[in-house]
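User: Please take a close look at one part of this structure, the packing of its aromatic side chains. From there, follow the neighbouring helices and charged pairs as far as they help to describe that part.

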Amino acid sequence: MARLRDCLPRLMVTIRSLLFWSLVYCYCGLCASIHLLKLLWSIGKGPAQTFRRVTREHPPACMNDPSLGTHCYVRIKDSGLRFHYVAAGERGKPLMLLLHGFPEFWYSWRYQLREFKSEYRVVALDLRGYGETDAPSHRDNYKLDCLITDIKDILDSLGYSKCVLIGHDWGGMIAWLIAICYPEMVMKLVVINFPHPNVFTEYILQHPAQLFKSSYYYFFQIPWFPEFMFSINDFKALKHLFTSQSTGIGRKGCRLTTEDLEAYIYVFSQPGALSGPINHYRNIFSPAGQNNREVTSNLKVEAGTALLQGNSAGTEQELKVAGTQGSRSRFIAVQQRYIYLTDYTQLVSISII
């Protein structure tokens, strides 16, 4: 009987683990089945169109606009990876470091590069695996520990000890973790469309319907198939993300030009360019992704924080997640602001707290 009592906790952990992984793999299979049906439907309608891809050898002129800043590279000694970034503003000014989301790259910060360069040294980074930054091939190279260390090493390489840190979407996730793990590095924190990681986790556990809104997390766990689905019909799915009525920038009036859209398609149409970005998500359910030691040891953000959220019907539930006053007070120790945006161009006029 005593041995049974001793084994019971381990048995419960094993059962919970089995249930968790059963859920993950079942949902991955469901997502794969849905996308496979979409693929078969597309092939049935027009096989030639489905597998058509335009070769893009040269970047659009907007990516080399000198008003955006200077293209720079830095090689990190420990990892050996070369990172690409665009910098605007004078050296010696306070550093503003910008971390993009998916499926984006440094160009997503073009308005902020112009707006803040008079007060800051503004650096818009291509994250590991994106754009002109090196992209390791193995998924283990995209664990959260690696992504957090990248930002710390880049800050050191740029000659700064602290910065104003701004992140959007997945870049917002990394920004939260940097502020938690290395509070001395963050003067001010601005996160766009990504609640505190623990708030998001708690909400999913309490509201399983959110799993369907985050279904791409599960779809991305499948090897090579997500990359293939993004590439069919000359990257139609990628174009849809930026231009559709439900998710696109144009839903409040088109502000994404044809050349802007071509910049995104150019970057992600390069050979292997989708694998690195999607590999960021392939470690979400790994033990390291769930039990990051440094993160779980201290959940509070010490820096002054602004949390920006798109104000639309499609993000109503996320607004409830991120906007709960009790949750914010638990995870943000000092001054905080919560701001609704009707469109992202508003960000250029928001003062940093």
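Analyst: In this predicted model, one aromatic cluster is formed by F51, F102, W170, Y216, Y217, F219, F220, W224, F225, F228, F230 and Y281. A pair of aromatic rings is described by the distance of the centres and the angle of the planes. The structure holds 23 aromatic pairs. One of them joins two members of the cluster, F102 and Y281: the ring centres lie 5.7 Å apart and the planes stand at 75°, so the pair is edge-to-face, the cut-off for that class being over 60 degrees. F102 belongs to the loop between β3 (95-99) and α3 (110-116), whereas Y281 belongs to the loop between α11 (275-279) and α12 (287-290); the pair therefore ties together parts that are 179 residues apart in sequence.

Are these two rings, F102 and Y281, buried or exposed? F102 has a relative accessible area of 11% and is therefore buried, since buried means under 20%. Y281 counts as buried because its relative accessibility is 1%.

A further pair is made by Y130 and F268, whose ring centres are 6.3 Å apart and whose planes are at 80°, so this pair is also edge-to-face. Distant parts of the chain are linked here as well: Y130 sits in the loop between β4 (121-125) and α4 (144-157), F268 sits in helix α10 (residues 258-268), and 138 residues separate them. Y130 has a relative accessible area of 0% and is therefore buried. F268, at 2% relative accessibility, counts as buried.

F268 leads to the helix that carries it, α10. This helix is mostly covered, with eight of its eleven residues buried. The buried residues are D260, L261, A263, Y264, I265, Y266, V267 and F268, and they pack against α3, α9 (225-243) and α11. An α-helix has 3.6 residues a turn, so residues three or four places apart point the same way. The contact with α9 can be described in detail: the axes of α9 and α10 come within 10 Å and cross at roughly 145°, and the crossing is right-handed. On the α9 side the contact is made by F235, L238, K239, F242 and T243, and on the α10 side by L261, Y264, I265 and F268. F268 thus appears in the ring pair with Y130 and in the contact between α9 and α10.

Charged side chains accompany these aromatic and helical contacts. Side chains of opposite charge can pair when their charged atoms come close. Nine salt bridges are present in the structure. D234 forms one of them with R56, with 3.0 Å between the closest N and O atoms. In this case D234 lies in helix α9 and R56 in the loop between α2 (47-50) and β1 (70-75), 178 residues apart, so that distant parts of the chain are linked. D234 is buried because its relative accessible area is 2%; R56, at 12% relative accessibility, also counts as buried. R56 and D234 are further linked with K239 and E262 in a network of salt bridges. K239 is also among the α9 residues that contact α10.

Helix α10 takes part in another salt bridge, in which the side chains of D260 and R110 meet at 3.6 Å, N to O. D260 lies in α10 and R110 in α3, so the pair ties together parts that are 150 residues apart in sequence. D260 counts as buried at 7% relative accessibility, and R110 is buried, with a relative accessible area of 6%. This salt bridge adds a charged pair between α10 and α3, a helix against which the buried residues of α10 pack.

The loop that holds Y130 has a charged pair too. R128 and D150 meet through their side chains in a salt bridge (2.7 Å, N to O). R128 lies in the loop between β4 and α4 and D150 in helix α4, 22 residues apart. R128 and D150 are buried.

Technical notes: Residues numbered from 1 in each chain as written. Predicted model: local features only at pLDDT ≥ 70, side-chain atom pairs only at ≥ 80, totals over all residues. Heavy atoms only, no water. Phe/Tyr/Trp six-rings, centres within 6.5 Å; stacked < 30°, edge-to-face > 60°. Helix = DSSP H or I, 4+ residues; strand = E, 2+ residues; numbered from the N terminus. Buried < 20%, exposed > 50% of the residue type's maximum accessible area, 1.4 Å probe, protein only. Contact = heavy atoms within 4.5 Å. Salt bridge = Lys/Arg side-chain N within 4 Å of Asp/Glu carboxyl O. Axes fitted to C-alpha atoms, helices over the stretch in contact; angles between N-to-C directions. Left-handed = near helix turned anticlockwise from the far one by under 90°.
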